[in-house]
Amino acid sequence: MTQDLNQMREHMLTAIAAASGLDALEACRVEALGKQGTITALLKTLGKMTPDERLVQGPIIQGLREAVANGIAQRKATLERAALDARLASETLDMTLPADAAPAGTIHPVSQVMDELAEIFADLGFAVATGPEIETDWHNFSALNIPETHPARAMHDTFYIQQGIDAKAAGTADEKTTFSLLRTHTSPVQIRTMLSQKPPIRIIAPGRTYRSDSDATHTPMFHQVEGLVIDKGITLGHLKWTLETFVKAFFERDDIVLRMRPSYFPFTEPSVEIDVGYTLVKGKRVVGGAEPDGWLEILGSGMVHRKVIEACGLDPDEWQGFAFGCGIDRLAMLKYGMDDLRPFFDGDIRWLKHYGFSSLDVPTLSAGVGA
Ligand code: DAH
């Protein structure tokens, strides 16, 4: 018996080593270890043996099974490596060949507008800041003076994250460290910036934001840009000048009229909403004109609330500032004339060809930010 098994082992290992390809190897495997395989049949005989016989034969048969299985695994690795080497050798790519067609991609209007914003605000001394899209309750709400019971939380149509919901149910959620939601606005970047940098601060924070909302002018994911200035002696006058300078540079015309309307945001006091005047040109609303035909709301802003400054560990009697938040997609629609937001995120190449920008056309103030 042992003699037979030794022969069988030799025979199988030789066949495995000689297998010329993955198919041949698989045939060896089925023959030995498959349902009807030789070794499988031997393993089945163990059940019918007496305990003494099994004590002797068990390790021998298991050893055979293991040797064959190892042999197959090794041969398989060798064959696969050889196949990959052959493929790498045959699939060469000459990177020095000229492209046979011009690049077809375009810069998405949202990316374009973000670049324009960065360019305009860099000229005013603002740096670009970023923050996570998955946020904590504290950064997205509490630190912005929106406590748990505040009605503004309901207005934000927040997407909560299961991990955060579970932590809350289990009573283990720490609102400062449990990442529990998709940020509903870019305002939490104000908090992160004030916590990580010493004032004076001048930043804009463009990025993705999320709310459970969907129609022609709302998508569940959209883009905002936040602005924050923290310094000594900052007033509403600085806010007004900054926004006027920004809107004129963005729409590339000087005859822009802004209107400030009193409003309410928990994180600013006072709060103002900013409208920009439009004129009707062939029935279409065009931003600008010294004597506006009407107003379009473009952003929310105000003087940063004392409680927000305090939440970030700064003394509100020493440091003041202004902040603003603005929808980037809406800015793009107003400037470049789209009237439906949804195709922004459909990835339709025809839309991108029509509304996209050349990748070589980088916005600069001197050449015109509008491309
Ligand atoms: N976070 C507000 C929103 O999403 C927008 C906003 C308003 C931001 C006023 C601000 C601000 O920084 O001062 O509706």
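The paragraphs below walk through two pockets, one helix and three individual residues of this structure.

The model is predicted, with local features requiring pLDDT of at least 70 and side-chain atom pairs counting only at pLDDT 80 or more, while totals for chains, interfaces and linings use all residues. Residues are numbered from 1 along each chain as its sequence is written, and side-chain values use heavy atoms, with hydrogens and water left out.

A good place to begin is the largest pocket, whose volume is about 1,400 Å³. Here a pocket is an open set of points on a 1 Å grid over the protein atoms alone, where a 1.4 Å probe fits, with protein on both sides within 12 Å along at least five of seven lines; lining residues have an atom within 4 Å of a point. Grid points are joined across faces, edges and corners, and the volume is the space filled by probe spheres set on them. The lining of the largest pocket comprises 48 residues, and H218, E297, I298, G327 and R330 lie nearest its centre. Several elements each supply at least two lining residues, among them α7 (151-155), β5 (221-231), β10 (320-327) and α12 (328-336). Helices (H or I, at least four residues) and strands (E, at least two) are DSSP runs, numbered from the N terminus. Strand β9 (294-304) is also among these contributors, and β9 gives the most, with six residues. Sorted by class, the lining of the largest pocket holds 20 nonpolar, 16 polar and twelve charged residues. In this scheme Ala, Val, Leu, Ile, Met, Phe, Trp, Tyr, Cys and Pro count as nonpolar, Asp, Glu, Lys and Arg as charged, and the others, Gly among them, as polar.

Strand β9 is also the place of S301. S301 counts as buried because its relative accessibility is 2%, where buried means under 20% relative accessible area, exposed over 50% and partly exposed in between (1.4 Å probe, protein chains only). Beyond its neighbours within four places in sequence, S301 is in contact (heavy atoms within 4.5 Å) with residues including L239, F265, P270, V272 and F324.

The second largest pocket holds about 170 Å³ of space. Among the residues lining it are D137, E148, Y160, K168, D174 and E175. By class, this lining has three nonpolar, three polar and five charged residues. Helix α8 (residues 162-169) gives the most to it, with three residues. Helix α8 also contains A167, which is buried because its relative accessible area is 13%. Outside its neighbours within four places in sequence, A167 is in contact with T172, A173 and T178. The C-alpha atoms of A167 and S180 are 8.7 Å apart, with the two positions 13 residues apart along the chain.

Helix α4 (residues 51-90) has 40 residues and reaches 57 Å from its first C-alpha to its last, close to the 58 Å expected at 1.5 Å a residue; the expected span is 1.5 Å times one less than the number of residues. A kink of about 35 degrees lies at Q57, shortly before the proline P59, the bend being the angle between axes fitted to the seven residues ending there and the seven starting there. Q57 is also one of the buried residues of α4, which include G58, I61, L64 and L79. These buried residues pack against α1 (2-18), α2 (22-33) and α3 (38-45).

Helix α2 contains C28, which counts as buried because its relative accessibility is 16%. Leaving aside neighbours within four places in sequence, C28 is in contact with A15 and I16. The C-alpha atoms of C28 and H139 are separated by 61 Å, and the two residues are 111 residues apart along the chain.
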